Amino acid sequence: MQTSNPSQFTTASEDLNLIVDDIQALVGLETYSYDKASLAEGLALIRSTVSERVGTPDFEERLEGGQFGDSLHLRFDGTSDKSILFVGHYDTVWPQGTLAKWDKTAGTTEDGREFLSGPGIFDMKTGLVQAVWITKYLKESGRPFPTIHLFFNGDEELGSPFSRPYIEKVAQEVDAAFVFEASHKGLIKTQRKGVGLISLEAEGIESHAGLNPEDGASAITALMEYCLAATQLAQPEKGTTVNVGLFKGGSGSNVVAGKANAEIDIRISTQAELERLDEELDKISWSDSEVTVSVKKDWNRPPMEFTNANKSLYEKAQATAEEIGFEIKSTSVGGASDANFISALGVPVLCGIGAEGAGAHARYEYMIPQAIPKFIELITGTAFKIS
């Protein structure tokens, strides 16, 4: 491998067909978040791909996920005193059998670029394979490179309930992290909203709605009051949105409802807004004191803000892009990822450095193969700057 200038850090363009083969093989194994058997097959393929492309790791640990997909932590020792973390999830939102019914697996975009399509190819199996190949190129470069931690998890689409503490533990040991989620229209994601999942259960008193409504206490009415008050906490101008996505209760139209429950999704752009919402939700009241409303708050992911640490890493990526001969730009998105809680630890992290394409969680999701070498060279070059 030549290394005389940044554009020759890797041979990704020459290896593109092999890289795409690895991606297609992984997409061909459907890995639904709720299907433990398929997740095990997918992780086994990832492990064999690492072995074939990179070699034997210096450290390996498989973490049993219980009802969730297992996680795999591999380490390849570097030749400098720095270390980096590559994170990729292999679970998808697509149930088994989706691939057989997929409408179109290849085609051309409106601007004339070829694309490949399939369940999980954009979110995020392309990025996962890119992480493996970048590890290969760093090891084979003949240059000083940081120790590389690879972490593959099978529960990200569910909020990473099992893998989160393990990712956080590894993240605290490294100098920088890269989460290989898909880009947003080719833009790197430097800011992501945090997520709050609020579960509500109301318990009232049932009675006949016609004969003796005064003897009842409506769980539905109380919960409606709570949810309406919660939506009024939204401040879209600050990036804070509140959505009541699920609401159900009661047993009949002629019965004062004895039970009701609801689910609220909250998105916040800053830690300050998270703290405000957390406090304000506790202050919400309802008119009927005979109804009890239980509130369970799960701040699933903290917001990923453009911290000084993240800005410093992004500037390294910008410098690398300039050396290679193109310009990168960043964006803020509403969706969360594993980068959110890495960023909250103060560890420099970049996200959205995987596939270029579109359609995450959509029947048309696709990626652009020709964009793969650019992203591989970008992160390989940035990793060298950390060394």
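Visitor: What order do the 4 strands of the open sheet come in?
Guide: In this predicted model, the order is β4-β5-β16-β15, with antiparallel pairing.

Visitor: Which strands stand at the edges?
Guide: β4 (106-108) and β15 (357-358) do. Each has a single partner strand, so one side of each is left without a neighbour in the sheet.

Visitor: And β5 to β16, how many bridges there?
Guide: 2 bridges join β5 (residues 114-117) to β16 (residues 366-367), and the two strands run antiparallel. As for residues, L116 has M367 in β16 as its bridge partner.

Visitor: Switching to β7. Are its faces covered or open?
Guide: Both faces of β7 (residues 176-179) are covered. A176 and F178 are buried on one side, A177 and V179 on the other.

Visitor: Why would those residues split that way between the two sides?
Guide: Because side chains in a regular strand alternate between the two faces of the sheet.

Visitor: Which strands does β7 pair with?
Guide: β3 (residues 83-89) pairs with β7 in the parallel sense over 4 bridges. β14 (residues 349-351) also pairs with β7 in the parallel sense, over 3 bridges.

Visitor: Which residues are bridge partners there?
Guide: On the β3 pairing, L85 has A177 in β7 as its partner. On the β14 pairing, F178 has L350.

Visitor: Helices now. What span should α2 have, and what does it have?
Guide: α2 has 18 residues, which at 1.5 Å a residue should span 26 Å. Its end C-alpha atoms are 26 Å apart, so the two values agree.

Visitor: Which α2 residues are buried?
Guide: S38, L39, G42, L43, I46, R47, T49, V50 and R53.

Visitor: What do they pack against?
Guide: The buried residues of α2 pack against two helices, α1 and α3, and against the strands β1 (59-63), β2 (69-76) and β6 (147-154).

Visitor: Any cavities? How many turn up at 30 Å³ or more?
Guide: The search of the whole structure finds 1. About 60 Å³ of space lies in it.

Visitor: What lines that cavity?
Guide: D22, L26, L45, I46, T49, L128, V129 and V132. I46 and T49 are also among the buried residues of α2.

Visitor: Which helices supply the lining?
Guide: α1 (16-28), α2 (36-53) and α3 (121-140) each supply at least two of the lining residues.

Visitor: And by class, what is the lining made of?
Guide: The count is 6 nonpolar, 1 polar and 1 charged.

Note on methods: Residues numbered from 1 in each chain as written. Predicted model: local features only at pLDDT ≥ 70, side-chain atom pairs only at ≥ 80, totals over all residues. Heavy atoms only, no water. 1 Å grid on protein atoms, 1.4 Å probe; cavity = no way out; pocket = protein on both sides within 12 Å on 5 of 7 lines; lining within 4 Å. Points joined across faces, edges and corners; volume = space filled by probe spheres on them. Nonpolar A, V, L, I, M, F, W, Y, C, P; charged D, E, K, R; others polar. Buried < 20%, exposed > 50% of the residue type's maximum accessible area, 1.4 Å probe, protein only. Pairing = 2+ DSSP bridges. Expected span 1.5 Å × (residues − 1). Contact = heavy atoms within 4.5 Å.
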